[in-house]
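These are my notebook entries on a structure that I am reading for the first time. I record what I looked up and what I found.

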Amino acid sequence: MSEADAIQARRAELSLVANRFGPDHRETLKARNLLGFALHRAGRLEEAERELRTTENDCARALGPADPETLFSQSLLAYLLLDSGNLREAVNQQRILVESTAAALGEHDPVTLGRRVNHGVLLHHLGRRKAAEQEQRATLAVCGEVLGERHPITTSCQSSLEAIRGDS
């Protein structure tokens with residue numbers, strides 16, 4: 001399926017669920033997130049950003065800031081901002097995502113820890129080496145304790161920390 005076909009399919013799905021359930025229903029918001037993702041994948045970044053920003057706001061309003069669909073929306077927006085070259089806002093969005101995920105799932109949840117690793121990576125890409133290293137060190141300590149040294153998130157964090165140290 002081409003990217004254009006995927007967008008058309010997502011728009012059709014969105015129309016069906018919005019007509020059936022209404023604009024603030026979880027299924028409608030999920031369909032909007034998936035449309036934003038399809039637009040992103042197709043390289044239609046400005047359109048994708050508009051869709052994902054409004055969907056994120058609507059998810060937070062209708063479902064609450066800690067709802068999984070709201071967190072998914074925040075995640076999609078963070079990656080879009082990164083791909084758009086807007087690193088500063090991507091880092092800010094990733095920080096918000098980490099905080100929201102920690103509030104929803106807890107500080108020791110693997111999803112929270114993975115998002116903390118991603119946040120450290122973004123800080124590193126921004127040239128904020130000290131902040132990136134601090135984030136990865138703190139995350140690695142929790143990962144080792146909670147997930148174990150061989151868990152993929154722990155090893156990813158360790159690799160990221162080594163890369164940051166290699167830049168000094």
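In which helix is glutamate 133 found? I looked it up in the model, which is a predicted one, and I found glutamate 133 in helix α7, which covers residues 129–146.

**Entry 1: Glutamate 133**

I next asked whether glutamate 133 is buried or exposed. Its relative accessibility is 13%, and the limit for a buried residue is under 20%, so glutamate 133 counts as buried. I then listed its contacts, leaving out residues up to four places away in sequence: glutamate 133 touches Leu161, Ile164 and Arg165. I also checked its separation from valine 121, which is 12 residues away along the chain; the two C-alpha atoms are 9.1 Å apart.

**Entry 2: The chain as a whole**

I turned to the overall layout. I counted eight helices and zero strands in the chain. Read along the sequence, the pattern is α-α-α-α-α-α-α-α. The C-alpha trace spans about 50 × 30 × 25 Å along its principal axes. The chain has 168 residues, of which 42% count as buried. I also took the contacts between residues at least 6 apart in sequence, and 53% of these join residues at least 24 apart.

**Entry 3: α1 against α2**

I began the helix pairs with α1, which runs over residues 3–21, and α2, which runs over residues 26–41. Their axes come within 9 Å and cross at roughly 165 degrees. An angle over 145 degrees counts as roughly antiparallel, and α1 and α2 are therefore roughly antiparallel to each other. The crossing of the two is left-handed. On the α1 side I noted Glu3, Ile7, Arg10, Arg11, Leu14, Val17, Ala18 and Phe21; these meet Glu27, Thr28, Ala31, Arg32, Leu34, Leu35, Ala38, Leu39 and Arg41 in α2. I sorted the residues of this contact by class and obtained 10 nonpolar, one polar and six charged.

**Entry 4: α2 against α3**

How far apart are the axes of α2 and α3? I found them 8 Å apart, with a packing angle of about 160 degrees; α3 covers residues 45–63. This angle makes α2 roughly antiparallel to α3. I recorded the crossing of α2 and α3 as left-handed. The residues that α2 brings to this contact include Arg32, Leu35 and Leu39, and those from α3 include Leu52, Thr55 and Cys59. By class, the contact of α2 with α3 holds 10 nonpolar, five polar and five charged residues.

**Entry 5: α2 against α4**

I then compared α2 with α4, which covers residues 68–83; the axes are 10 Å apart and the angle is about 15 degrees. Angles under 35 degrees count as roughly parallel, so α2 is roughly parallel to α4. The crossing of α2 and α4 is again left-handed. I listed Arg26, Leu29, Lys30, Asn33, Leu34, Phe37 and His40 in α2 as meeting Glu69, Phe72, Ser73, Leu76, Tyr79, Leu80 and Asp83 in α4. The class count for α2 with α4 is seven nonpolar, three polar and four charged residues.

**Entry 6: Threonine 54 and glutamine 8**

I located threonine 54 in helix α3. Threonine 54 has a relative accessibility of 38% and so counts as partly exposed. I placed its C-alpha 9.3 Å from that of arginine 32, although the two residues are 22 apart in sequence.

Glutamine 8 lies in helix α1. Is glutamine 8 buried or exposed? With a relative accessible area of 57%, glutamine 8 is exposed. I compared it with leucine 87, which is 79 residues away in sequence, and found 30 Å from C-alpha to C-alpha.

**Entry 7: Cysteines**

How many disulfides does a search of the whole structure find? I recorded zero. Cysteine 157 is in no disulfide, and the nearest cysteine sulfur, that of cysteine 143, is 5.2 Å away. The cut-off for a disulfide is a pair of sulfur atoms within 2.5 Å. Cysteine 157 is buried, with a relative accessible area of 0%. Cysteine 59 likewise counts as buried, at 0% relative accessibility.

Notes
Residues numbered from 1 in each chain as written. Predicted model: local features only at pLDDT ≥ 70, side-chain atom pairs only at ≥ 80, totals over all residues. Heavy atoms only, no water. Axes fitted to C-alpha atoms, helices over the stretch in contact; angles between N-to-C directions. Helix = DSSP H or I, 4+ residues; strand = E, 2+ residues; numbered from the N terminus. Parallel < 35°, antiparallel > 145°, perpendicular 65-115°, else oblique. Left-handed = near helix turned anticlockwise from the far one by under 90°. Contact = heavy atoms within 4.5 Å. Nonpolar A, V, L, I, M, F, W, Y, C, P; charged D, E, K, R; others polar. Buried < 20%, exposed > 50% of the residue type's maximum accessible area, 1.4 Å probe, protein only.
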